[in-house]
Amino acid sequence: MSSQKRYLVKFLPGGESVKVPHGYNLRQAILDCKLNIDSSCGGVGTCGRCRVQVLEGEVDTTESRFISKSDKEKGFVLSCMSRVKSDLTVRLPEARKSRGSITIGGFDSTGKDYAGISTDELSKVEIEPWIIKENITVEAPSLSYGTSDLYRVKKSIMEKTGVQDPAIPIDLIRKLPYTLREKDLNVSVIIDLENSAVIDISPGHGDKRIYGMALDIGTTTLVMYLVDLQSGKILDIQSGYNPQIKYGEDIINRIVYANRKGGLEHLREVIVDSINSMVKNLVKHTGVKESDIVSVMIAGNPTMMHLFYGVPPRFIREEPYVTVANRFSNSPAKDVGIGQLVNAYVYCVPGVASYLGGDITSGVLASGMYREEELALFLDLGTNGELVVGNSQWMMGCSCSAGPAFEGGGVNCGMRASEGAIEKVVIDEDSFKCSVDVIGEGKPAGICGSGLIDIIGEMYLKGVIDRKGKFNRDIGNEFLACEEGDCHYIIVEANSSATGNDIYISEIDIENLIRAKAAVYAGIRTLLEEVDLGINDLAKIYIAGGLGKHLNIRNAVMIGMLPDISLDRYHFLGNTAVTGAYLSLLSAEKYRQSVKVAGDITYIELSVNMKFMDRYVAGLFLPYTDMKDFPSVEEHIYSIYKKPGPAGPGKKDKTS
Ligand code: FES
């Protein structure tokens with residue numbers, strides 16, 4: 001019997017190889033070798049991130065707008081759209097190092113973290129541990145006092161802590177007779193006071209110090225704090241990229257992958273593996289014993305939480321868009337795959353609805369807006385824009401799908417905010433040459449979200465594009481390269497880039513970015529209109545999320561993404577998801593408050609909201625169809641060009 005011919009596919013620069021059958025998907029071959037490949041769209045050919053260069057051999061590939069004619073001649077293909085036809089040698093893009101400063105904020109000298117929380121709110125936080133360890137001595141039984149071991153343990157716990165009839169899991173009861181008698185009825189007990197539950201009973205009296213972990217499972221990044229539960233001190237932090245990225249960069253693509261056979265188990269496995277290695281590193285760096293870690297508090301968006309718990313997320317993206325749960329049950333760590341934490345329970349910050357999760361509840365908690373009189377808007381900017389508006393009386397929230405453009409997806413030269421990403425751009429108004437600031441020390445490799453917002457803002461201001469985002473072709477811009485009617489603007493020339501290729505922005509890229517910014521602004525306006533309020537009613541706007549930290553607010557206003565109000569009303573909060581989890585871990589009051597906040601937010605679904613659609617369409621101009629919504633931008637444009645310019649500023653009249 002003849003077996004099907006298999007081809008050897010070798011990947012450079014590392015030399016890894018795999019044998020695959022004829023027609024095998026090239027991106028899958030990369031993943032089979034456990035190599036990384038950016039795959040924002042999950043492998044359906046729409047993000048352009050999985051480009052590779054075929055150096056030797058033949059593939060059957062589908063034409064793509066992400067591969068220019070000249071790149072095609074050099075052997076570039078989208079790996080997800082290519083099938084193996086012979087032995088191959090393929091060069092992968094250089095792995096980008098993860099950025100050291102994933103948004104986690106800084107520490108003061110005491111180790112207390114100030115990230116993701118307003119200073120005002122921080123001063124109100126009281127450490128009030130709700131998981132404690134107590135040494136107790138259980139009464140001895142006798143012929144005249146023949147009550148059960150369980151009864152006497154519960155009685156001692158009640159006397160020491162005030163907790164009536166705590167729940168004790170069966171596995172602890174099984175060991176109870178020996179645990180009690182090993183050290184003459186002296187035991188130490190870990191108790192969850194808020195849920196009246198015993199987490200562990202161990203023989204003898206011991207050190208009462210215990211620790212907890214706050215974990216943010218973001219679509220892009222993971223951040224974990226190891227916290228001393230008595231002092232509130234953050235002992236160490238681990239952060240990294242979510243390993244599920246290679247199976248789809250945004251939540252929709254993750255859900256699609258989870259729906260495939262074995263997909264959910266696979267996504268769960270990779271995230272749990274990552275969490276376990278973060279735990280291992282924290283324990284190693286701090287010397288804290290795994291057995292002294294008693295709680296893990298997780299905040300994440302609904303899809304990430306479903307994937308972590310191994311619950312199918314499918315119905316989050318199918319009308320009427322519901323979650324399986326907004327708050328998952330408290331579980332022993334070993335039951336959810338974190339087996340090394342033998343004495344810990346895993347808790348989660350409750351979410352609100354299908355696209356508004358515990359990460360946003362955490363953000364509202366960290367901002368303190370839920371306890372203030374004045375009206376505030378909380379905005380988490382990432383792959384999705386998530387918003388909550390309100391105050392201590394009421395809160396309303398929504399989520400608008402901005403797409404992955406602000407994280408560099410769907411943009412030819414886009415990349416995440418990591419080493420080599422252009423994060424700031426200024427255009428010279430005479431020569432149209434770009435000056436760029438890059439993350440890290442090296443040459444520019446691509447453009448991240450904040451850089452893209454700067455570029456759009458600068459191009460609009462300097463007349464490189466008009467209000468529809470189309471290039472002004474008659475302004476003598478020598479950095480505008482046109483091929484068969486398609487133009488792109490060169491930000492960094494090939495000889496100055498890390499990749500050896502031009503870094504540029506095309507009209508399609510601009511279109512994607514304008515769509516993303518239109519969705520965010522439409523979300524804000526629609527939410528406010530639902531409660532008959534206007535932009536000027538907002539006393540504060542809190543910006544959270546990875547993009548927030550590097551965002552130039554003025555440019556975000558200039559392109560019509562954020563409301564045109566005084567810049568001093570904007571406050572950056574960094575990663576509020578992990579901060580909210582940290583607060584819930586440390587303070588019983590915050591833990592209770594997180595449940596209340598999640599319950600108090602009214603969710604509105606924008607995908608079926610006509611006002612949102614109208615606002616969105618109006619936002620497909622720079623900054624907006626009606627310039628009256630952006631008075632300071634209108635004034636600025638007028639001061640430069642002496643005309644409002646309905647078709648865009650155009651080339652500045654240098655004689656005026
Ligand atoms: S285009 Fe290939 S993964 Fe997105």
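Two strands count as paired here if DSSP finds at least two bridges between them. Helices (H or I, at least four residues) and strands (E, at least two) are DSSP runs, numbered from the N terminus. The model is predicted, so to speak of local features takes a pLDDT of at least 70, and side-chain atom pairs count only at pLDDT 80 or more, while totals for chains, interfaces and linings use all residues. Residues are numbered from 1 along each chain as its sequence is written.

**View 1. A three-stranded open sheet.** Its strands come in the order 23-24-25 and pair antiparallel. Strand 23 (480-483) and strand 25 (503-506) each have a single partner, so one side of each has no neighbour in the sheet. On average, neighbouring strands are turned by 35° against each other, direction ignored.

**View 2. Strand 24 meets strand 25.** Four bridges join strand 24 (residues 486-492) to its antiparallel partner, strand 25. Look for Tyr489: it stands opposite Ile505 in strand 25.

**View 3. A helix across the strands.** Helix 11 (residues 507-530) lies across strand 24 and strand 25, at about 65° to strand 25. Such angles run from 0 to 180 degrees between N-to-C directions, with axes fitted to C-alpha atoms, for helices over the stretch in contact. Contact means C-beta atoms, placed from the backbone, within 7 Å.

**View 4. Inside the largest nonpolar core.** A core is a set of buried Ala, Val, Leu, Ile, Met, Phe, Trp, Tyr and Cys residues joined through C-beta atoms within 7 Å; buried means 20 or more other C-beta atoms within 10 Å. Of its 166 residues, Val227, Ile491 and Ala581 touch the most other members. Helix 11 gives the largest share, 12 residues.

Definitions and conventions
Two residues are in contact if their C-beta atoms, placed from the backbone, lie within 7 Å. A residue is buried if 20 or more other C-beta atoms lie within 10 Å of its own, exposed if 12 or fewer, and partly exposed in between; C-beta atoms are placed from the backbone.
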